[in-house]
Every structure is written in C-alpha cells, then in structure tokens.
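Biologist: Please examine one part of this model closely, namely the empty space enclosed within the protein, and then relate that part to its surroundings. I should be grateful for a single connected account.

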Amino acid sequence: MLAASFCFVLSFASSFLIPLVISIFITFLISLLMDKQSTPVLRKSLLALMLIVNFGMLFVFKYFNSFSDVTSSFFAELDVYVVSPHIDWLLPIGISFYVLTACSYAIDVYKGKFHPERHLGLFALYLSFFPRLAAGPIVRVNELMAQFRQVHKFDGVLISDGLKLVIWGLFKKIVIADRLAAYVNLVYDHPSSYNGITFAVATFFFAFQIYCDFSGYVDVALGTAQILGFNLPDNFNRPYSSTSVREFWNRWHITLYAWLRDYVYIPLGGNRASKPRIWFNIIIVFVISGLWHGAEFTFLAWGLILGIFVATAVAFERVHTRQGFKKPKRRLRTFVGVCITFVLISFAWIFFRANSIQDALHIVSAIGSQIVHIGANILNREMLIETWEAVNISFGPLWIALSLCLLIGFSLFHYFQPHEGMRHMLDGRPIVVKWAFYYLLIIGIIFLGVYAGQTPFIYFGF
Amino acid sequence: MIHDRQRSSKTGLMTLLRKIGLMSILILVTVVSVFLGGRPDYTNYMAAFIDKQNRLETTMPPRIVLIGGSNVAFGLDSEMISESTNLPVVNLGLHAGLGLKFMVNSYKPYLRAGDIIIIIPEYELFYGPYLNPDPGCLGALLGVYPQARRYLDLSTMSLDDTVSMFVGIAQYKKNVIQSSILKRISRRVENTDQSLFVYSRDNFNEFGDEVKHLTAKPGTQPDTTSPIIESLEISPKVISFLNQFADYAHSRKANVYLDYPSRLEYNTSEEQSVGQLQQVLEEDLTFPIIGIAADHLFPLEYFFDTNYHLNSGGRRINTERLIDDILQRLSIGKQQA
C-alpha cells in the first residue's frame, strides 16, 4: 500500500516525493524523540523544529513567490527597488493536506494524547495513504492508524459500496462540475465582457461546481479507500442545506475546519473568552483557512468575509445550530434560512473564484447594479429577453437547459438524501430500482460527461 | 471454521464479480448499440468538408483553391475574389485542428493542371506538433465522414494520437446523441431557432465561406492575451512538407503560393515578430509568398469570436488585401480579364 501511495505521488512528478519523504522522516523522528523527552523546554523545542520544517516546506512551495512579490512591491512604494527572487517549482501534490496531518500528529504526541507510532512504514502510510493524499480528507491518527493494523478480509458488500461511491463521485465531477466549469471559467476569466446577470449565473454555477468538484473527489477517495478495506471520515454533510453560515462550516470541508478548530481556534481561547475575543478568534481562523488555499489576496478576502459573517452571526446569537441536524419545525423559516445562507456563501465564492480583488469587486458591483435594474423592470418583456441573452452567452439554450436540469435534479437529491449519504437513500428499495439508478449514473457519465478541456480537481491546486 | 470462512469469502467474490460483469455487459450493450445505431449529424460544422470536396470535384481549372483552417473559412469573401480575378474559387478552410498535412492531402486527389493554390495556415501550423491533426478534431470529422480517413497518414501518427482519434470519434458520436435528445426536448419547450448557431454546415455558402457570422452575434470573445508567435524555430518538417507539396503541384502544372492568416494584433511589437517569421519563411520556402504578414494583422474591432475569425468588416478588408496580393504578385486578373 505504501509503494502504491509513493507511485501515486511519482505519477505526478518524481520531485513531489521529496517533500513528502522529508515530512515523513522529520515528523516520525521528532515525535519519537518528543515522546522520550520529559523536559518541557526540550519537548517544546522539538515540536517547534518539526513545525518549522513542515510549515517551512509549505511556505517555500506555496507562499514564497507571492511573499517575494509583495515584499518587493512594498519596497517599491518606498522607492527601493529590489529584484524579487522566484522559485519555479511546482506545488507538490497534497502538500497542504499532509503538512496539516503531520502537524496535528506531532502536536497530539506533544500533548501526550497518544504514544507515537514506532513503525516507520505504517507512519509513512498514514501520511501518504493515496486515496486521501491529493485533497484530503485530513485524517487524524485515531481514524486511520488502527485500521492499518487490522487484518482485512474480503468483503464483497464493502467493495460494492465503495464502487457505488466512486461512481457517484465521478458523476458529480465529470457530469456536473466540469460542465459548469466551462461557463464559469469563460465568465470569470473575461470579467470585462459580461454583465451582472451573467456574473450572477456564473457565481450560482460556481457554488455547485466547487461543491460537486470537491465532494466528487472526496467520494472517489472514500470509495477507493473502502474498496481497499479502509474507512475515511466524510468531508461534507449536505452543506447547501444549512440554515446558517455557522452551520455551513460544520458541514463543508469538515476535516479542515475540525483541524482549525482544534489546533487554532481552541488554542487561541476558543469560546472561553470575552465576546470581542471570540469574534476575533473566529475571524483569525477563517483568514487562516483562506490563506491555506493560497497566498492570493482573493483567498484572504474570502476568508475575511466568511470570518465576518460567522462572527456577526455569533455576535447576534441568531444562529441556531441543531445538534444532529434535526428536522426543523417551521419549514418556511428553514427554507428562508437555506436561501439566505446560500446567497451569503455564494457572495464569498465570488472572491474565492475571481482572478483578482479588482475583478471580484467589479463582479459584485455589476451584480448589484443589475439586480436593481431588473427589480425595477421585472415585467418588461425586453428586459426578459435581455436577461435570457445575458444568461445564454455562447452556450446556447440546450446547454443551459441541460445544466439547469442537472442542477435541479442534483439539488433535490442533495436536499432529500439522508444524513448517512447517497447510498443509504436506496436502502430498502427493490433491487431493480438500485440497478437502474447506478446504470443511469454510469450511462450519464458516458453520455453527459464533459471530456473536452477537462478541468482538474480544484482542490488538487491547494 | 476456517474452511467455511474461505468458502463464504469465495462466494462473496463470485457474487460481486457477477454483479460487476452483468452491469458491464448492460453498459457495453447500451454504448455499442447507441454508437452503432446513431446516424451521423450531417448538419455538423465538420460536415461542410463534404461540400468542399464536392466543389473541388465539380469546379474546373484554372481556379483558385484556398487552403487553411477556420481563418480562411471566416475571413475571406470568395465571391469577391472570384469577381476580381474572373476565376472560380474553392474555399477549403474549415478547422486548423485538422493539421496542415491533412488539409493538403485532402486536396491532392483533386489537384488539376492550372490550379492556383494559396495556402493560408494559422500561425500555429508552422510548428511541428500541428502538422498532424488534433485527434479530437479529426475524430469529429471522421464521425460524420468516415471516408476522410483515406487522407490520413497513419504512419506518422503515434499510438497515443491514434487512440485519441478513436476517443474523438466516440466523443463526436456522444455529442450528436446528446444534442439530438436536447433538440427534441427544446422543440417541445420552445421554438428554438437552430440556425442561430454559427458552427453548422448550413452556414457555408457555395464557395465554402462561412457566412452566418457576418450577421450573427458572437458567443465568445477573442483571446486578447496570447501572442501570435510561439518561436522563430519553425519546424523543418513543416517547411519540407510544404516544399515537397509545391514541387508535386508544379510537376502537375499547378502553382502553390503562401499567404498569411488574418490574426488579432496582440500588441504593437507583433508586426516586428511576424516580420521576422516572414523573413525565415522567405528564406526556407522554395515557392513564392504573395502577401505581407503585417497586412493581415487587425485590431480587436475586426474580430468575431476568436482571434482568427474576422467579422464582416475585417473580412472585407482582408479579402481586398488578398485580392491585391493576387493581382499584383500573380498578375492573373488582367490575363483573365
């Protein structure tokens, strides 16, 4: 399995193996040393060394060029001109994910939560396990290590379930996400060419594109791991069914936000602090989550906006988190909550997707002014034709119709699927229904899939 | 006990394999029957290739044959050229993705003594990889007109490209099925005017020019960020191929000329870089070049939907310049008149 994981990394580029191997060795050795040391200062120093090496690699590969540009721009403002050095290395696959995994492991060893793994091979597999290496989920040691030690017997049901999840993930990625990507990329890469309605539709599409892209990958990862006999934690729990922004972040990229909660938010004081401090902590966590995606100002703005949304929600105490996501009593309130949350999250997605802050601001202002314009002329026939042409752009009515049909179908499916996931929706149904469902999914992948100009998984770039 | 476990695991494996096998058969039968049963979409843009071949067959020399990608289809008014030169014109421009070799090979069987062949390749076609067709593009053509395979030089196609070509055919078939289903739905839902789409066989005129775009609204915007010239290192294979073709045509009493494509001027330094490319071509090619590259660079306002597709205004100017080139350099207009 370890060899397969290394081969997976090598299939992207042989150089990608180097930072992974460094991370494995450093984390493994330092964790063992920390466990043996009883002097707090020494333990702390070892932890600091481990964090510096791991985050240092992340900085060099992911942030150095942007940092260098910002520094030279800053000096240029002071009329001091320096040549900004650049590193032309590719971002190693999964580095943002395995660095966080390694750090959480070492921090937990430092805190004495468990003794470090003494088997280098098993530890290396924990960090590099290929189904989750490229884009998560970020797995804690207690979620995976014990499974590596178990003897896995053949389980046809488990394999069959894993295959179903892989098919579902591929459908989301190839049929929905890649289809929407064509529209989104065209509009967001040429912001001066389109108007507010087109931006609004592209943003709506992007909200589903990123969800289907990322959750599609996670489904493939979870399904592949399951075929091999391993269970990984899920990263999504119907996020667009959330009735508040706060709830959304308990359902979206669950393992990253759990990591940030445990290793950033709680050490900063968490909820056990003054209200302004809590708001500040929340904003810090979201800014870090934004920067984790990349060193661009757009990600920073995205994190900041989300932090402000969540902090505001907490400040007004109007967020009602539902333990176990029980069905609410008042459907209308739920519906309004879901819609408002979706609009707020989509607003933040504009900054996430835009190529620059200027583009994002242009898009926001274009959408705003267009909404006012349409609102004032809602029953005007010419306005409706103009709106349709703006939505249509080069894709034609057929393409738009197909995309909308897929989105409506997917949204209904998303809303009504049980908490346990898609596969359990079919529990207890006749075998013909189950077969028909998966048959149609595969046929859909073949005939409705977008293969030309395929976009890689978005989170592979992080 | 252990024996029982092994047996149950074997049974489980067999059950799983049976399920996977059955599903695979169902999918395979569906896919094969749909692909074999599906009729080609003869309204497809690539199907215009058939009309262009028919015109080649029915037009008598002396005639002007324009060879190139879609810049030739979108950017020239063959009727105007014909009126100015008193010669029939065959516009073979269709898609740069077909590659220079395929474009020329598909004309070769129709080469007649007295033909004036003007090759106007997109700039990308001067570089090595573009001598052969783009497999996806070729697949789309073969999907609608399988007979076009006779113009392929399979010996120079790699295994990867051959596989991609078949994937391209499958992709085309898939698109046909998808659009035919959607067209049926859309006909019920709304009276969609299918002729609004520029990329269709019906939108070519009798000469082989694409004309729908002269009045239609562009769907996309030209790419204003990409420079024209990749490098000055033009592929020796391209040069040698063009020179060999010119010799072949000459031996059959036809003449080959090169001209430059209409292209969006990315910035003011482009004139200089296309000038350098022109210099390289003038040194390496053994047949005449009739135009000046910089004359065919246009600002954004003259483009339709890509940086090679001129709109009506750009097309008129570009045609006038080509006519000037033909009349001045070839001095045929006067002879014919």
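Modeller: The account below begins with the enclosed space, moves to the elements around it, and ends with the charged pairs and chain A. The model is predicted, and every value quoted is computed from it.

Rolling a probe the size of a water molecule over the atoms shows where empty space is left. In this structure, such a search finds 4 cavities of 30 Å³ or more. The largest cavity contains about 100 Å³ of space. Its lining is formed by Phe49(B), Lys52(B), Gln53(B), Ile67(B), Gly68(B), Leu92(B), Leu94(B), His95(B), Leu98(B), Met103(B) and Ser106(B). By class, these residues divide into 6 nonpolar, 4 polar and 1 charged.

Three elements of chain B each give at least two residues to this lining: helix H2 (48–58), strand S1 (64–68) and helix H5. The greatest contribution is that of H2(B), with 3 residues.

The loop between H2 and S1 of chain B, and thus between two of the elements just named, contains Pro62(B). The peptide bond that joins Pro61(B) and Pro62(B) is cis, with omega at about 0°. A second backbone feature of chain B is found at Asn86(B), in the loop between helix H4 (78–85) and strand S2 (89–91). Asn86(B) is not a glycine, yet its phi is positive, near 60°. With a relative accessibility of 45%, Asn86(B) counts as partly exposed.

Helix H5 of chain B, which helps to line the largest cavity, also leads to another part of the chain. H5 (100–107) is among the elements that cover the buried residues of helix H8(B), together with strand S3 (116–120), strand S4 (255–258) and helix H9 (270–284) of chain B. H8(B) runs over residues 236–251, 16 residues in total, and spans 22 Å from its first C-alpha to its last, close to the 22 Å expected at 1.5 Å a residue. Its buried residues are Val238(B), Ile239(B), Phe241(B), Leu242(B), Asn243(B), Phe245(B), Ala246(B) and Ala249(B). An α-helix has 3.6 residues a turn, so residues three or four places apart point the same way. After H8(B) comes Lys253(B), where phi is positive, near 60°.

The charged pairs extend the picture to both chains. Side chains of opposite charge can pair when their charged atoms come close. Over all chains, the count comes to 16 salt bridges. In chain B, Arg316(B) pairs with Glu320(B), with 3.6 Å from N to O. These two residues lie 4 positions apart in helix H10 (residues 312–330) of chain B, which means that about one helical turn separates them. Both partners are partly exposed, Arg316(B) at 46% relative accessibility and Glu320(B) at 32%.

A salt bridge of chain A has a contrasting setting. Asp213(A) and Lys173(A) form a salt bridge in which the closest N and O atoms are 2.8 Å apart. Asp213(A) belongs to helix H9 (residues 196–227) of chain A and Lys173(A) to helix H8 (residues 156–189) of chain A, so the pair ties together parts that are 40 residues apart in sequence. Asp213(A) is buried, at 1% relative accessible area, and Lys173(A) is buried as well, at 5%. The salt bridge between Lys113(A) and Asp108(A) brings its closest N and O atoms to 3.6 Å. Here the partners differ in exposure: Lys113(A) is exposed, with a relative accessible area of 55%, whereas Asp108(A) is buried at 7%. In addition, Arg140(A), Arg261(A) and Asp262(A) are linked in a network of salt bridges.

Chain A also has a backbone feature to set beside that of Asn86(B). His253(A), likewise not a glycine, has a positive phi of about 40°. This residue is placed in the loop between helix H10 (245–251) and helix H11 (254–265) of chain A. In contrast to the partly exposed Asn86(B), His253(A) is buried, at 0% relative accessibility.

As a whole, chain A has 19 helices and 0 strands. Of its 462 residues, 53% count as buried. Among contacts in chain A between residues at least 6 apart in sequence, 74% join residues at least 24 apart.

Notes. Residues numbered from 1 in each chain as written. Chains lettered and ligands numbered in written order. Predicted model: local features only at pLDDT ≥ 70, side-chain atom pairs only at ≥ 80, totals over all residues. Heavy atoms only, no water. Expected span 1.5 Å × (residues − 1). Buried < 20%, exposed > 50% of the residue type's maximum accessible area, 1.4 Å probe, protein only. Contact = heavy atoms within 4.5 Å. Salt bridge = Lys/Arg side-chain N within 4 Å of Asp/Glu carboxyl O. 1 Å grid on protein atoms, 1.4 Å probe; cavity = no way out; pocket = protein on both sides within 12 Å on 5 of 7 lines; lining within 4 Å. Points joined across faces, edges and corners; volume = space filled by probe spheres on them. Nonpolar A, V, L, I, M, F, W, Y, C, P; charged D, E, K, R; others polar.
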